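Thanks for making the time this morning. I would like to walk through one structure with you, slowly, and I will put it on the screen now.

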Amino acid sequence: MSVSSPVPASPAPASAASAADTAAPTQAELLDFVRRAAADAELIASLPLDPEGRTWVRLEGPGGSEAWLIGWPPGTGTGWHDHADSVGAFVTAAGELKENALAARLPTDGWKTLELSEGVDRERRLPTGKGRAFGQHHVHEVLNESDDRHAVSVHAYYPPLPQIRRYSRTGPTLRLEQVERPQDWQ
Ligand SMILES: [Fe+2]
């Protein structure tokens, strides 16, 4: 599979009452969930790997969150994107990933290109077992820079992703290229 966005499974049926009664999971709870999932060797081994492109398996996240197990062949990445109003967490379960992120709060709407100021770039290496949580409007790209080793990671988002904004980047200039909504992924 080599499509560029996750393909969500049908939302799990949830009664209005249970949705209203469930407290939204915190970033810490999402991080705890992805860490536990990443430590589940049987679960990680269940992900089909494809040398040609990323692969996904949808997981049941805590508190109605959207969770994914993702396989990354060498040299693959997401491109720059954000997750709108969702918070999230992810952890590397096998191999190593790199995250490039912006330490800046960007306006969410009403712009097409934005010139980033100096010093907003952050880079972190996430070897097996390392992860992070992130808040709303977190802008990043995630890459497997290995020449020869697949990576596997676990991700969780809450609320379930309403949209993903995709950006291209040329030097300091970020350009909004596409807004993907769940219906685009089906
Ligand atoms: Fe992301």
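Let me begin at His 137, which in this predicted model counts as buried because its relative accessibility is 7%, under the 20% cut-off for that word. His 137 sits in the loop between β8, residues 131-134, and β9, and it has a positive phi of about 65 degrees although it is not a glycine. For background, most residues other than glycine have a negative phi, and most peptide bonds are trans. With that in mind, Ala 84 also deserves a look, since its phi is near 50 degrees, again a positive value in a residue other than glycine. Ala 84 is placed in the loop between β3 and β4, and it counts as buried because its relative accessibility comes to 3%.

That loop brings me to Ser 86, which lies between β3 and β4 as well. Is Ser 86 buried or exposed? It is buried, with a relative accessible area of 0%, and its side chain reaches the backbone oxygen of Pro 159 at 2.6 Å. If we set aside neighbours within four places in sequence, the residues in contact with Ser 86 include Phe 134, Gly 135, Gln 136 and His 137, and also Tyr 157, Tyr 158, Pro 159 and Pro 160. So the His 137 I started from is among the contacts of Ser 86. As for Pro 159, it is found in the loop between β10 and β11, the latter being residues 164-170, and the peptide bond leading into it from Tyr 158 is cis, with omega near -5 degrees.

Now to the metal. Which residues are the protein donors of the iron ion? They are His 81, His 83 and His 140, each through its NE2 atom, and they lie 2.0 to 2.2 Å from the ion. Along the chain these donors follow the spacing H-x1-H-x56-H, and the site links distant parts of the chain, in that His 81 is in strand β3, residues 80-82, while His 140 is in strand β9, residues 139-143, with the two positions 59 residues apart in numbering. Both His 81 and His 140 are buried.

The remaining donor, His 83, is placed in the loop between β3 and β4, where β4 spans residues 87-94, and it counts as buried because its relative accessibility is 2%. The side chain of His 83 makes a polar contact with the side chain of His 81 at 3.2 Å, and another with the side chain of His 140 at 3.3 Å. Leaving aside neighbours within four places in sequence, His 83 is in contact with Phe 134, His 138, His 140, Tyr 157, Leu 161 and Gln 163.

Let me step away from the iron site and turn to the nonpolar interior. The largest nonpolar core has 19 residues, and those touching the most other members are Val 34, Ile 44, Leu 69, Val 152, Val 154 and Ala 156. At least two residues of this core come from each of α2 (27-38), β2 (66-72), β4 and β10 (151-158), and the largest share, six residues, is supplied by α2. Apart from this core lies another one, of 13 residues, among them Ile 70, Phe 134, Tyr 157 and Leu 161. Within the larger set, Ile 44 touches Ala 37, Ala 38, Leu 69, Ala 93, Val 152 and Val 154, not counting residues up to four places away in sequence.

Leu 69 also has a part in strand pairing, since it is the bridge partner, in β2, of Val 57. Strand β1, residues 55-60, is joined to β2 by six bridges, and the two run antiparallel. In the hairpin that they form, there are five residues between the strands, and Gly 63 takes a positive phi near 60 degrees.

I will finish with the chain as a whole. Its secondary structure comes to three helices and 12 strands, and 46% of its 186 residues are buried. Among contacts between residues at least 6 apart in sequence, 76% join residues at least 24 apart. The chain exposes about 9400 Å², of which carbon and sulfur atoms supply 49%.

Terms used: Residues are numbered from 1 along each chain as its sequence is written. This is a predicted model: local features need pLDDT of at least 70, side-chain atom pairs count only at pLDDT 80 or more; totals for chains, interfaces and linings use all residues. Side-chain values use heavy atoms; hydrogens and water are left out. Donors are N, O and S atoms within 2.8 Å of the metal (3.2 Å for Na, K and Ca); water is not among the atoms, so sites may look incomplete. Helices (H or I, at least four residues) and strands (E, at least two) are DSSP runs, numbered from the N terminus. Buried means under 20% relative accessible area, exposed over 50%, partly exposed in between (1.4 Å probe, protein chains only). A polar contact is a pair of N or O atoms within 3.5 Å; within protein, one must be able to donate a hydrogen and the other to accept it, and residues adjacent in sequence count only if both atoms are side-chain atoms. Contact means heavy atoms within 4.5 Å. Accessible areas come from the Shrake-Rupley method with a 1.4 Å probe; for residues, only the protein chains shown count as cover. A nonpolar core is a set of buried Ala, Val, Leu, Ile, Met, Phe, Trp, Tyr and Cys residues joined through side-chain atoms within 4.5 Å. Two strands pair if DSSP finds at least two bridges between them.
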